[in-house]
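Take a walk through this protein model, one region after another. Keep the sequence at hand as you read.

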Amino acid sequence: MATLSFCQECNNILSPKADFQRRVMVMHCRSCKAEESALNRVVFRNDLLTDTREQAGVTTGLGQDPTLPHAVIKCPNCDSEDAVFYQDQSKRKETRMILFYVCTQCNHLFMDPNLKHAGNVEMGEQ
């Protein structure tokens, strides 16, 4: 992981810069133009999320949230027919349109029973 480096001359932050003649990366000061060799060659690292499961997240109190839309769907836990629903909020390219339902009576988290699950859905904290 890249760490912050500071100039030995003026204590300003050092920025990465390519030295094309020597074909190396150096850290240079934008204020006093001092340079030193880079100890770490990593400038930026993008860790991709490889887990493709949809996640329900924390659902405590969602049944009473007035901003969520309601649906008439039978709760498998208490047979109530009122639930709020929301979509998976993870930011991935391959996220499907999965709706999570939270019963307004018992706060039970469930998904549409008519939906065929691929077994890759992670239910969150209730």
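**From charged pairs to stacked rings**

Lysine 74 is partly exposed, with a relative accessible area of 48%. Partly exposed is the middle class: buried means under 20% relative accessible area and exposed means over 50%, using a 1.4 Å probe and protein chains only. This is a predicted model, so local features need pLDDT of at least 70 and side-chain atom pairs count only at pLDDT 80 or more, while totals for chains, interfaces and linings use all residues. Residues are numbered from 1 along each chain as its sequence is written, and side-chain values use heavy atoms, without hydrogens and water.

Lysine 74 has a charged partner. It forms a salt bridge with aspartate 79, where the closest N and O atoms are 3.9 Å apart. A salt bridge is a side-chain nitrogen of Lys or Arg within 4 Å of a carboxyl oxygen of Asp or Glu. Side chains of opposite charge can pair when their charged atoms come close. How many salt bridges does a search of the whole structure find? It finds three.

Another of these joins glutamate 35 and lysine 17, with 3.2 Å between the closest N and O atoms. This pair links distant parts of the chain: glutamate 35 sits in strand S3 and lysine 17 in strand S1, 18 residues apart. Strands (E, at least two residues) and helices (H or I, at least four) are DSSP runs, numbered from the N terminus. Glutamate 35 is partly exposed at 44% relative accessible area. Lysine 17 is partly exposed too, at 37%.

Arginine 22 and aspartate 19 also meet through their side chains, in a salt bridge of 2.5 Å from N to O. Is each partner buried or exposed? Arginine 22 is exposed, at 53% relative accessible area. Aspartate 19 is buried, at 17%.

Now look at the strands. Strands of a sheet pair through backbone hydrogen bonds, either parallel or antiparallel. Here, two strands count as paired if DSSP finds at least two bridges between them. Three strands form an open sheet in the order S1-S2-S3, with antiparallel pairing. S1 and S3 (35-37) are its edge strands, and each pairs on one side only. From one strand to the next, the twist averages 35°. That angle uses axes, which are lines fitted to C-alpha atoms, for helices over the stretch in contact; angles run from 0 to 180 degrees between N-to-C directions. S1 and S2 (residues 24-29) run antiparallel and are joined by six bridges. Serine 15 stands opposite histidine 28 in S2.

A second open sheet has four strands. Their order is S5-S6-S7-S8, and the pairing is antiparallel. S5 (70-71) and S8 stand at the edges with a single partner strand each, so one side of each has no neighbour in the sheet. Two bridges pair S5 with S6. One match across them is alanine 71 with its bridge partner in S6, alanine 83.

Next along the order, S6 and S7 pair over five bridges in the antiparallel sense. Tyrosine 86 stands opposite phenylalanine 100 in S7. S7 then pairs with S8 (residues 109-111) over three antiparallel bridges. Here valine 102 stands opposite leucine 109 in S8. The hairpin of S7 and S8 has five residues between the strands, and in it asparagine 107 takes a positive phi near 60°. Why is S7 described as largely enclosed by the rest of the structure? Four of its five residues are buried, so the description fits.

The rings come last. A pair of aromatic rings is described by the distance of the centres and the angle of the planes. Rings of Phe, Tyr and Trp (its six-membered ring) pair if their centres lie within 6.5 Å; planes under 30 degrees apart count as stacked, over 60 as edge-to-face and the rest as tilted. The structure holds three aromatic pairs. Phenylalanine 85 and tyrosine 101 have ring centres 5.9 Å apart and planes at 50°, so this pair is tilted. Phenylalanine 85 lies in S6 (residues 83-87) and tyrosine 101 in S7 (residues 99-103), 16 residues apart. Tyrosine 101 also pairs with phenylalanine 110, and that pair is stacked, with 5.7 Å centre to centre and 20° between the planes.

Ring pairs thus link Phe85, Tyr101 and Phe110 into a cluster. Phenylalanine 85 is partly exposed, at 22% relative accessibility. Tyrosine 101 is buried at 9%, and phenylalanine 110 is buried at 4%.
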